[in-house]
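User: Could you walk me through how to read this model? I would like the general idea for each feature, then the case at hand.

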Amino acid sequence: MAKIDLKFLDKFDSDITIKTVVCEQLKDIFISIQYQDEAFGIWLDKSTAIKFAKTVRTEINKIKEVGNE
């Protein structure tokens with residue numbers, strides 16, 4: 001299996017990243033935000049993560065509707 005570390009970079013500052021990690025024992029998702037040497041995050045259960053993903057997609061669609069793609 002490939003070892004991949006996928007991080008999302010902030011639009012304005014490449015020192016800020018967001019990363020997701022799955023905890024298989026707890027069956028939760030951890031969303032980590034890191035800035036230089038500081039990090040914080042949030043644990044989401046599966047149903048909350050699904051709702052969060054749907055909300056992000058809805059917000060993306062709002063951007064598309066305005067024509068700012």
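Analyst: Let's begin with exposure: buried means under 20% relative accessible area, exposed over 50%, and partly exposed in between (1.4 Å probe, protein chains only). By that scale K27 is exposed, with a relative accessible area of 67%. Please keep in mind that this is a predicted model, where local features need pLDDT of at least 70, side-chain atom pairs count only at pLDDT 80 or more, and totals for chains, interfaces and linings use all residues. Residues are numbered from 1 along each chain as its sequence is written, and side-chain values use heavy atoms, with hydrogens and water left out.

User: What is the order of helices and strands along the sequence?

Analyst: Helices (H or I, at least four residues) and strands (E, at least two) are DSSP runs, numbered from the N terminus. Here there are 1 helix and 4 strands, following the pattern β-β-β-β-α. The radius of gyration, taken over C-alpha atoms, can be set against a globule rule of 2.2 Å times the number of residues to the power 0.38. For this protein the radius is 14 Å, well over the 11 Å that the rule gives for 69 residues, so the chain is more spread out than a compact globule. Its C-alpha atoms fill a box of roughly 40 × 30 × 25 Å along the principal axes.

User: How much of the protein is buried, and what share of the contacts joins residues 24 or more positions apart?

Analyst: Buried residues make up 10% of the 69. Contact means heavy atoms within 4.5 Å; among contacts with a separation of 6 or more, residues 24 or more positions apart account for 0%.

User: Which sign does phi have at K27 and at Q36?

Analyst: As background, most residues other than glycine have a negative phi. K27 has a positive phi of about 60° although it is not a glycine, and this residue sits in the loop between β2 (16-23) and β3. Q36 likewise has a positive phi, of about 55°, without being a glycine. Its place is the loop between β3 and β4 (38-44), and at 46% relative accessibility Q36 counts as partly exposed.

User: How many salt bridges are there, and where do they lie?

Analyst: Side chains of opposite charge can pair when their charged atoms come close. A salt bridge is a side-chain nitrogen of Lys or Arg within 4 Å of a carboxyl oxygen of Asp or Glu, and by this rule the count comes to 3. D5 pairs with K7 at 3.9 Å, N to O. D5 also meets K19, at 3.0 Å. K19 lies in strand β2 and D5 in the segment before β1 (8-9), so this pair ties together parts that are 14 residues apart in sequence. D5, K7 and K19 are thus linked in a network of salt bridges. Elsewhere, K62 bridges to E59, with the closest N and O atoms 3.2 Å apart. Both lie in helix α1 (residues 46-66), 3 residues apart, about one turn of the helix.

User: Which side chain of opposite charge is nearest to D28?

Analyst: For charge, Lys and Arg count as positive and Asp and Glu as negative; His and the chain ends are not counted. D28 is buried yet has no salt bridge, and the nearest side chain of opposite charge, K27, is 9.8 Å away. D28 belongs to strand β3 (residues 28-35). Leaving aside neighbours within four places in sequence, D28 is in contact with V21, V22, C23, W43, L44 and D45.
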